[in-house]
Amino acid sequence: MSKNEKNIHVIEMSRYTSPKVLESKREDFVAYGEENNYFDFLIKSFLNSTTNNSVITSICNLIFGKGLDALDSNRKPEQFAQMIALFKPKEIKKVINDRKILGLGALKIQYKGSKVSKVSHFPMETLRVKKMNEEGEIESWYYHPNWAEYKKTDVLQEIPLFGSTEGKKTEIYIIKPYVTGYPYYSPVDYQGALPYAKLEDEIADYLINDTLNGFSGTKVVNFNNGIPDIEKQREIKREVLKNLTGSTGEKLIVAFNKNPQAKTTIDDIPLANAPEHYSYLSEEAEKKLLKGHKAPSWLLGANSGGNGLSSNADEIKNQMTVFDNFVIKPYQKELIEVFNEILAVNDISLKLYFKTLQPLEFIDTEGMDKETKEEETGIKEEMCSHGVKLSKEGEKFVDNIVADELIDLADDDLEGWEEIDASEVDYDAEAELDAEIEAINSTYKPKLSLLEMIVNLTKTGVARPNSRSEQDKLIGEHFYKVRYRYTGNPKPQREFCRKMMSANKLYRKEDIIAMGDKVVNAGFGAGGSDKYSIWLYKGGARCHHKWERVTFKSVRKGVDVKNPQTPKISTNKAEKEGLRIRNPKEVSMKPKDMENQGFLN
């Protein structure tokens, strides 16, 4: 550098640097960025760049879509309910945002026993990876609330990696895509476009500073009365900048030279065609950011620099299909693989998918099977609908599913209960009985857990046989419970009836009624519909089966109902003590004995 160059101080825009992964012998963690603040840089690039912010927000919204669902939610309702309880939408959205903005995402996994009890988002920017062990494996990550303020004296919290403690400790699952040369951290997938996010940020600051300084161009301040020493030069420079520039940037070049004949001068360095120049830079930044994210221009809306929404519908549809397949679905697949790995700890296996935000008219479903169509559109179809005739194999399949779901609801825990009555049900005063039992049991109803409420909302067969029935009753010192058994022809022809008779189990009234939302013997319902009341019409018209009421009694109030010594009492005595059960007359009748053999006119 020449002597002249040493006396010229040029205030430059901060230069962009690629992420550096730094191992220090003095620290157990691996720093990310020269000052261990690269995540902070990425967050600022998201917040301060208009285009980067808009594109990333839109992509995250498309990844989450309308939320997580499962193709087999109807066949595995209990597993589906547990999945919903573990993966809450707000936590999924947070981890999606981190994964896109920072290149990695983190989930905190908590256990109860050996099973996962809670899954929640963990802020990725608060984590730094521990150095690899001798086998080249990452075992854990370190947490600090603010790494910019980290001191060597701080005690870091070490969190083990998912699957490393067998559920004995809280673990961390790091969602990290493989990138060659980055074993510890993964650069973002829009890494090449980051300088343009920084450019947008700097352009905005420059223009704001330009406005605050009265649109004054860049200046050169010349002090022509000799060259002071370097410390004096820096002091003069600070004073000039303090007095003549705004707080958002430095727009001065301060020069010192030997010319005692001249006074201090201030010269302009004009920028020709400034508006066109800034417009070009803004458009170039927008284009490069869109390309870096592999995003179409219409993602920014109708006023974007590209064709935007003014493009014809077919072009937008084609672009949306390509963008969905090459950008959105890979993210969704990555997340689903993570969720499945976590659910596997709880022995849950579901065909997960994200419900799409795409307009239905953009999705060509021709030639798709039912599952693929649901995955692409997010719309669940009934197994069969009015007007669609199922094959015999299809009918058996549907009936098997419904029967199995109802059998799963059976009450098999009869230890400590004594059967005191098995008789045909009576329908005459059902409404009166329900009101009476509701009033008596209102003070004894247990509060439902969150999971139980979710299960109830699914309106599908979820095993809860030990739950209280509305017909269960506390009278004096004794508990009574009422269950129902499927009885009749021991050699039925219909698949549903065959399964139910073979199971020979007991059920709550509520569970039987709820199964009326399922398809059994398609077309046997009112008007040819696929659904009808199993509670009233069992296996359908001409069915040779009915429900038998079975009553049990425990020893006394407050006893452990699983281990009481239960005396026998007569049905008449139970009635006198207040246990009166009334049901519609159809419950105790075989459909073949009903008017029109159970067919509707």
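Student: How many aromatic pairs does a search of the whole structure find?
Tutor: Bear in mind that we're looking at a predicted model here. Rings count as a pair if their centres lie within 6.5 Å. Run over the whole structure, the search gives a total of 15.

Student: Take W141 and Y185: is that pair stacked or edge-to-face?
Tutor: The ring centres sit 5.8 Å apart, and the planes meet at 85°. Plane angles over 60 degrees go in one class, those under 30 in another. With its 85°, the W141 and Y185 pair is therefore edge-to-face.

Student: And how many residues apart are those two in the chain?
Tutor: W141 belongs to strand β8, residues 140–143. Y185 is in the loop between β10 and α6, so the pair links distant parts of the chain. The separation is 44 residues.

Student: Is Y185 buried or exposed?
Tutor: The cut-off for burial is under 20% relative accessible area. Y185 comes out at 0%, and its partner W141 is at 2%. That makes Y185 buried.

Student: What about Y486 and W547: what kind of pair do they make?
Tutor: Their ring centres are 5.0 Å apart, with the planes at 70°. Since that angle is over the 60 degree cut-off, the Y486 and W547 pair is edge-to-face.

Student: Which strands does that pair tie together?
Tutor: Y486 and W547 are 61 residues apart in sequence. Both are buried, Y486 at 3% relative accessible area and W547 at 0%. The strands holding them are β17 (residues 478–488) and β19 (residues 545–553).

Student: Let's move to β5. Which residue in β6 is the bridge partner of Q110?
Tutor: β5 (residues 105–112) and β6 (residues 115–121) pair in the antiparallel sense over 6 bridges. They form a hairpin with 2 residues between them, and G113 in the turn has a positive phi of about 70°. Across that pairing, Q110 is matched with K118.

Student: What stands opposite A106 in β10?
Tutor: β5 also pairs with β10 (residues 171–175), again in the antiparallel sense, over 5 bridges. The residue opposite A106 there is I174.

Student: Last one: how far does helix α3 reach from its first C-alpha to its last?
Tutor: α3 covers residues 50–64, which is 15 residues, and 21 Å is expected at 1.5 Å a residue. Its buried residues include V55, I59 and F64, and just after the helix G65 takes a positive phi of about 60°. The reach of α3 is close to that expectation, at 22 Å.

Terms used: Residues are numbered from 1 along each chain as its sequence is written. This is a predicted model: local features need pLDDT of at least 70, side-chain atom pairs count only at pLDDT 80 or more; totals for chains, interfaces and linings use all residues. Side-chain values use heavy atoms; hydrogens and water are left out. Two strands pair if DSSP finds at least two bridges between them. Helices (H or I, at least four residues) and strands (E, at least two) are DSSP runs, numbered from the N terminus. The expected span of a helix is 1.5 Å times one less than its number of residues. Buried means under 20% relative accessible area, exposed over 50%, partly exposed in between (1.4 Å probe, protein chains only). Rings of Phe, Tyr and Trp (its six-membered ring) pair if their centres lie within 6.5 Å; planes under 30 degrees apart count as stacked, over 60 as edge-to-face and the rest as tilted.
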